[in-house]
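Let's take a walk through this structure together, with the sequence at hand and the fold in view.

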Amino acid sequence: QPINPPVVHQQAGPEIHRGLAGVVADTTAVSRVNPDSNSLLYRGYPVQELAAQKSFEEVAYLLWNGELPDDEQLAEFESAERSLRRLDHSVRRVIDEIPTSADPMDVVRTAVSVIGANDLSTPDSSVEANLAKSLRLFAQLPAIVSYDQRRRHGLDLVEPRDDLGYSANFLYMTFGEVQEVEVVEAFDVSMIMYAEHSFNASTFTARVITSTLSDLYSAVTGAIGALKGPLHGGANEAVMHIFGEIGLGDGAAERAGLWLDDTLAHKRKVMGFGHRVYKHGDSRVPTMHTALLTLIEHYDRPDLLALYDALADGMSARTGILPNLDYPAGPAYHLMGFDTASFTPIFVAARVTGWTAHIMEQLAANALIRPLSFYTGTPERHVPPAAAGE
Ligand code: ACO
């Protein structure tokens, strides 16, 4: 059964499902999004339970292998991940050639492409080779994202620390100092929340590319392109731009109301709200909201909370449309000290786990993804014969 009632556009000819809304394109065992019970399961486990009890490394292992690691498996996995964290010189050289004014998503996309071009195992599509490639990307993306943020501020690369977990090391490489435990935990929760979400646009892009029997790096590069758009991953950045337009401080609630009235009157989308699948709230929001509250207290920023609440309440009162994960995640990354332009690259570092799990699943039972279209252009006509003598 389709998850949502299909959006069918009636016209002469076949049923058209624009945006593939409501279309069930394949099966997956990676995750289950259930909008009715407002739940999200990774390999059967509720994402809230994983966020409360497991690390992002354990969740990556789960997504790729189908089961949580035991102590020995986790130790082996963590040690392999830590050994791969250093940015390859060739990747660094290519990043250094890109102007610092470039969109960080373009930097990440290019870096992943270079990693693929340098990896001799790129054409090997065996499960072992693809697990190794997935781990390489998982381990290297924090170095790419953190180095790109640092070079935009004229700062040098910080080498990874092998004694720190994934999230503590990601923050350390970005800010040059080990961050406090509440901050590391909130960041780890955000990575778990962003890790996987069934057939979203970027994951589907990765599966389409994989279905042609292209390689894992090509599929991830394409997925990064899909995630860049403001209707998908780019929304977490847009939330901070909205906060900037409205402005923090006294009168924020009133300004948020006026801003919403104007935006909705002009039929513009309010980024960070709404979802294709969840129509009664995004299952990931409560957990990320709690993480954001911890950060607001940690950094003592009630002004940010006042604007955050005012916009969400105003949107709900006017439209009934509820926040999606990007709404609490954007301000959380802002409080941690990330540039707004780094937010979607962080999403890449998280979602690479889900993308690669889907790439491997697609390959295990591949069918070329190639839908049909209904032609509405000019009816058949013929090129006029050339006039005699021409
Ligand atoms: N702001 C204002 N109106 C909205 C919003 C919004 N954020 N979301 C939906 N609507 C309205 C639409 O204007 C439309 O109204 P209409 O019927 O009067 O034309 C109606 O709700 C249905 O919206 P659609 O865009 O057709 O629904 P769809 O399922 O395609 O939308 C989407 C999902 C694209 C995510 C949409 O809600 C949106 O654009 N949100 C803003 C972007 C965003 O936050 N994206 C992040 C997604 S989650 C993630 O990537 C982690």
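## Annotated sites, ligand shell and a helix pair

According to an unreviewed UniProt entry, the annotation "active site" covers H275 and D326. The two are spread over 52 residues of sequence, yet they cluster in space, with a largest C-alpha distance of 10.6 Å. Please keep in mind that this is a predicted model.

Where does H275 sit? Its place is in the loop between α12 (252-265) and α13 (285-299). D326, for its part, lies in helix α15, which runs over residues 326-336.

Are these residues buried or exposed? H275 has 22 other C-beta atoms within 10 Å, and because 20 or more are needed, it counts as buried. D326 is buried too, with 28 other C-beta atoms within 10 Å. Y42, a residue of strand β4 (residues 39-42), joins them in the table below.

| Residue | Other C-beta atoms within 10 Å | State |
|---|---|---|
| H275 | 22 C-beta atoms | buried |
| D326 | 28 C-beta atoms | buried |
| Y42 | 24 C-beta atoms | buried |

Now for the neighbours, leaving aside residues up to four places away in sequence. H275 touches D282 and N324. D326 touches A235, N236, V239 and G272.

One of those partners of D326, A235, turns up again at the ligand. There, 18 residues surround the ligand, and A235, V270, F273, G274 and R276 come nearest. What is the make-up of this shell by class? The shell has 7 nonpolar, 8 polar and 3 charged residues.

Back at Y42, not counting residues up to four places away in sequence, the contacts are S31, V47, L50, V59, L62, L63 and E196. Y42 and E15 are 27 residues apart in sequence, and their C-alpha atoms are 33 Å apart in space.

Finally, have a look at a pair of helices. Helix α9 (residues 201-211) and helix α16 (residues 343-364) have axes that come within 9 Å and cross at roughly 35 degrees. This crossing of α9 and α16 is right-handed. On the α9 side, the contact is made by S202, T203, A206, R207, T210 and S211. On the α16 side, R351, G354, W355, H358, I359, Q362 and L363 take part. By class, the contact of α9 with α16 has 4 nonpolar, 7 polar and 2 charged residues.

Key. Residues numbered from 1 in each chain as written. Predicted model: local features only at pLDDT ≥ 70, side-chain atom pairs only at ≥ 80, totals over all residues. Near = placed C-beta within 6 Å. Nonpolar A, V, L, I, M, F, W, Y, C, P; charged D, E, K, R; others polar. UniProt positions renumbered as here; feature names shortened; annotations may be inferred. Helix = DSSP H or I, 4+ residues; strand = E, 2+ residues; numbered from the N terminus. Buried ≥ 20, exposed ≤ 12 C-beta atoms within 10 Å, placed from the backbone. Contact = placed C-beta atoms within 7 Å. Axes fitted to C-alpha atoms, helices over the stretch in contact; angles between N-to-C directions. Left-handed = near helix turned anticlockwise from the far one by under 90°.
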